[in-house]
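Hi,

Here is the structure I promised to pass on, with my notes below it. Have a look at it first, then read on at your leisure.

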Amino acid sequence: MTRKIALVSSVVGLSLLTAACNAGSGGGAGSSSASGSGSGASGPSGESVTIGLVAEPASLDFTKNDGAAIPQVELGNIYETLVKQDQSGKIVPGLAEKWTVSPDRKTYTFDLRPDVTFTGGQKLTADDVVWSINQVKSAWTIAIKAKMDPVSKAEKVGDNQVRVTLSQPSNSWLFNMTTRVGAIFSRTAADQLATKPVGTGPYAFSTWRRGDSIVLTRNEDYWGKKPYFKTVTLKYFKDPTALNNALRSKTINVIGTVQAPESLGQFPTSQYQVIEGTTNGEVVLSMNSSRAPFNDKRVRQAVRYGINHRALLDTCWAGRGQLIGSMVPPTDPWYEDLTKVTPYDQAKAKQLLQQAGKTGTTVRLRLPSLPYAQSCGPVVKSMLEQVGFKVQTDTLEFPAAWLTTVFTNSDYDLSMVSHVEPRDLPTVFGDPDYYTHFSNPQMAGLLKAADTGTPQQETASMKKAARLIADDAGADFLFLLPNLIVADKNITGLPKNAITEGFDLTTLGRS
């Protein structure tokens, strides 16, 4: 079963996320073309900008490949959705200029903008929208395709109108249409999603120099407001020091995902700007609940009690970020501070481990080759050993080795990764087959009640679901990654918060 993970990379504008993380697979026609690296630093105003990121995607097809790095590049830039989120999280018009919802909350009618074309030249019609929705249900292979399950029928009403009928009311469905699940594709370019994506967005895919950079060019026929920069180069770095040096040497203009917060002192405010906000990137210390010792709740609770989260954040991420306690960021309506459910208590952790008969048990902590994991992993190891675990660590190259070993094959005891997809609690903890293997009979009922009830019932049920995960120690939540960006002083339009999956390039400019 193919599953999905959203990691840390959607940042800047992002996808969040901020951070760094991720992947898919796949190839690249045009991948031998020059990247234009460094052009952002030297080009004239309005010409180009270069953004430094981490975790290059391995494919450009997010219908069949997991990972946040793909929608980070494409969503909102190349591909657009019927509806989208603004910086406050409000759902606003996208390719649909307006929509209506039936009184029973089961029928959505979207009026499409009449003047939209794909970068390939063909006009966007209702047929493309219906086809794209049906493709999620029939052709997508990653787990998030389930977000389209509420749809019983999508149909063309006219050339510029689409009607979508749900099998039952769903509070989450319209929101999910702002994510990659809602991307609208060109039917005639569906055979080259992995290498030459074609969308309706403000940017068109240009070239991909594998292992180095992806270049996007401004869509001069875009239906909406054209972005400031004609060319955007997304340049990838595996090493935080190299990323920092690239900005200092003017090879890049923006560090989209700061991977060494302790190094911010290298960037004086006279020359650079620092943006700090929030993301959806929960850094999850996953525990494989499908096998010993973590199939025992007491052992999982021992992990949560045994970690001093404030000290960990201060030590490995320079105190940047927020402690949360469960799988909900503060930008979601059902957020509660659940850090006190299992507060730091070494004595309690030792007691639980002893009660379970697991004192001295050896566990393997498998870390992705991502800066936050490499920095925080040793701190987690030390804290768990202080309460009675024996911890062995190893590093898996991200994304390929980690996704295969941990995410797909569940060959791990403990692991650490940032999940950045918006409102992904149901994805990560609602399916016992997902790599966390969390299983509690109450969860399915809570998630169903949240999705089908009134907005008030949704909030109440999601709060209960988040608390259930904390009470049952389904995982530990080390901290929420900050949206941390450093850029040249004259770059404008950088987002404070990274709450969507795409890095919004359209807001960027130069003063």
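Strand 5 and strand 7 run antiparallel to each other and are joined by five bridges. One of the pairs across them is Thr-107 with Thr-165 in strand 7. Please keep in mind as you read that this is a predicted model.

These two strands belong to an open, antiparallel sheet of four strands, in the order 4-5-7-6. Strand 4 (96-101) and strand 6 (151-158) are at the edges with a single partner strand each, so one side of each has no neighbour in the sheet. On average, and ignoring direction, neighbouring strands here are turned by 20° against each other. Helix 3 (residues 126-138) packs on this sheet and touches strand 5, strand 6 and strand 7 (161-166). The direction of helix 3 makes about 170° with that of strand 6.

The other pairings in this sheet are easy to find on screen. Strand 4 is joined to strand 5 (residues 107-112) by five bridges, in the antiparallel sense, and Trp-99 stands opposite Phe-110 in strand 5. Strand 6 and strand 7, also antiparallel, share six bridges, with Glu-155 opposite Arg-163 in strand 7. A hairpin of two residues connects strand 6 to strand 7.

The loop between strand 4 and strand 5 holds Arg-105. Arg-105 is not a glycine, yet its phi is positive, at about 65°. For comparison, most residues other than glycine have a negative phi. Is Arg-105 buried or exposed? The answer lies in between: Arg-105 is partly exposed, because its relative accessible area is 26%, and that category runs from 20% to 50%.

Now for the other sheet. Ten strands make up an open sheet with mixed pairing, in the order 8-9-10-1-11-16-12-15-13-14. Its edges are strand 8 (203-209) and strand 14 (390-396), each of which pairs on one side only.

At the strand 8 end, strand 8 and strand 9 (residues 213-218) are antiparallel over six bridges. Arg-209 has Ser-213 in strand 9 as its bridge partner. The two strands form a hairpin with three residues between them, and Gly-211 in the turn has a positive phi of about 80°. Strand 9 then pairs with strand 10 (residues 231-236), again antiparallel, over five bridges, and Val-215 is partnered by Thr-233 in strand 10.

Towards the strand 14 end, strand 13 (residues 362-368) and strand 15 (residues 414-419) pair in the parallel sense over two bridges. Leu-365 stands opposite Leu-414 in strand 15. Helix 9 (residues 371-386) lies across strand 12 (272-287), strand 13, strand 14, strand 15 and strand 16 (475-488), at about 140° to strand 15.

What about the interior? The largest nonpolar core has 72 residues, and those with the most contacts inside it are Leu-312, Phe-389, Leu-425 and Phe-479. Helix 9 gives the most to this core, with seven residues. A second, separate core has 61 residues, including Ile-133, Val-162, Leu-166 and Val-254. If you would like to click through one residue's surroundings, try Leu-425: beyond its neighbours within four places in sequence, its contacts include Met-327, Val-328, Met-443, Leu-447 and Ile-469.

A few backbone details deserve a look too. The peptide bond joining Ala-292 and Pro-293 is cis, with omega about 5°, and Pro-293 is in the loop between strand 12 and helix 6 (297-306). Another cis bond runs from Phe-398 to Pro-399, with omega near 15°; Pro-399 lies in the loop between strand 14 and helix 10 (400-408). Ala-473, in the loop between helix 13 (455-471) and strand 16, has a positive phi near 50°. Ala-473 is buried, with a relative accessible area of 0%.

Finally, the chain as a whole. There are 13 helices and 18 strands, and 59% of the 511 residues count as buried. The radius of gyration is 22 Å, which agrees with the value near 24 Å for a compact globule of 511 residues. Among contacts between residues at least 6 apart in sequence, 73% join residues at least 24 apart. The chain exposes about 17900 Å², and carbon and sulfur atoms supply 47% of that.

Best wishes

Definitions and conventions
Residues are numbered from 1 along each chain as its sequence is written. This is a predicted model: local features need pLDDT of at least 70, side-chain atom pairs count only at pLDDT 80 or more; totals for chains, interfaces and linings use all residues. Side-chain values use heavy atoms; hydrogens and water are left out. Two strands pair if DSSP finds at least two bridges between them. Contact means heavy atoms within 4.5 Å. Axes are lines fitted to C-alpha atoms, for helices over the stretch in contact, and angles run from 0 to 180 degrees between N-to-C directions. A nonpolar core is a set of buried Ala, Val, Leu, Ile, Met, Phe, Trp, Tyr and Cys residues joined through side-chain atoms within 4.5 Å. Buried means under 20% relative accessible area, exposed over 50%, partly exposed in between (1.4 Å probe, protein chains only). The radius of gyration is taken over C-alpha atoms; the globule rule is 2.2 Å times the number of residues to the power 0.38. Accessible areas come from the Shrake-Rupley method with a 1.4 Å probe; for residues, only the protein chains shown count as cover.
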